[in-house]
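Please open the model in a viewer and keep the selection panel at hand. The stops below proceed from one selection to the next.

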Amino acid sequence: MKAKIKSNVVDLRLLIVDFDDISHDEISEMTGQVPTYIRVKGQPRNPKRPDSPVWPNNLWSIDSGLGMHASFEDQMCTLLNIIEDNRAAFENLCSKYYSEFACAIKVYKGNGESTPWVHLDNRYNKIAWELKIEFDLYAF
């Protein structure tokens, strides 16, 4: 049986982290977005193991909705559109809480695909600077 060739992955998300005075639902209501993932401070990292360490902070995140095989550029453009469509809410949130674009890229050898590229253009730079959104890249 021949092994299935895997496609490269680009997982880009916008995170709001370290909030205690607002709920995940309130962030969703403010932004008009359903989170892709949430983390609740004090909850076990692995609910199936009672001795699991607990999460040290709250986290709310969204992705572009395009899927992890869409290009970095398309995913970033979609996330920037989401921010711009509700700029006031994101300005408020990003001024109070830690926020970042978290990007994980997984490259598979021998699949015939080019290595995904990450290009941060002027539109990204302007929004990230004004809202003080950091950028974190993890490749494996």
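Begin by selecting Val 17, which stands opposite Leu 59 in β3. Strands (E, at least two residues) and helices (H or I, at least four residues) are DSSP runs, numbered from the N terminus. The model is predicted: local features need pLDDT of at least 70, side-chain atom pairs count only at pLDDT 80 or more, and totals for chains, interfaces and linings use all residues. Residues are numbered from 1 along each chain as its sequence is written, and side-chain values use heavy atoms, with hydrogens and water left out.

**The sheet**

Next, select β1 and β3, which run antiparallel and are joined by five bridges. Two strands count as paired if DSSP finds at least two bridges between them. Strands of a sheet pair through backbone hydrogen bonds, in either the parallel or the antiparallel sense.

Keep β1 selected and add β4: these strands also run antiparallel, with nine bridges joining them. Leu 12 has Cys 103 in β4 as its bridge partner. How many residues of β1 are buried? Eight of its nine residues are, so that β1 is mostly covered; buried means under 20% relative accessible area, exposed over 50%, and partly exposed in between (1.4 Å probe, protein chains only).

Now add β5, which pairs with β4 in the parallel sense over six bridges. Here Glu 100 stands opposite Glu 134 in β5.

With β2 added, the view shows an open sheet of five strands in the order β2-β3-β1-β4-β5, with mixed pairing. β2 (37-39) and β5 stand at the edges with a single partner strand each, so one side of each has no neighbour in the sheet. From one strand to the next, the twist averages 20 degrees.

Select α1 as well: this helix packs on the sheet and touches β1, β2 and β3 (59-63), and its direction makes about 35 degrees with that of β3. Contact means heavy atoms within 4.5 Å; axes are lines fitted to C-alpha atoms, for helices over the stretch in contact, and angles run from 0 to 180 degrees between N-to-C directions.

**Aromatic pairs**

Rings of Phe, Tyr and Trp (its six-membered ring) pair if their centres lie within 6.5 Å; planes under 30 degrees apart count as stacked, over 60 as edge-to-face and the rest as tilted. The count by this rule is five aromatic pairs.

Select Phe 19 and Tyr 97: their ring centres are 6.0 Å apart and their planes stand at 70 degrees, so this pair is edge-to-face. Phe 19 lies in the loop between β1 (9-17) and α1 (24-31), and Tyr 97 in the loop between α3 (87-96) and β4 (98-106), so the pair ties together parts 78 residues apart in sequence. Is Phe 19 buried or exposed? Phe 19 counts as buried at 0% relative accessibility, and Tyr 97 is buried with a relative accessible area of 9%.

Move to Tyr 124 and Phe 135, whose ring centres are 6.1 Å apart with planes at 80 degrees, so this pair is edge-to-face. Tyr 124 is in helix α4 (residues 122-131) and Phe 135 in strand β5 (residues 134-139), 11 residues apart. Tyr 124 counts as buried at 6% relative accessibility, whereas Phe 135 is partly exposed at 26%. Add Phe 72 and Phe 101 to see one aromatic cluster, formed by Phe 72, Phe 101, Tyr 124 and Phe 135.
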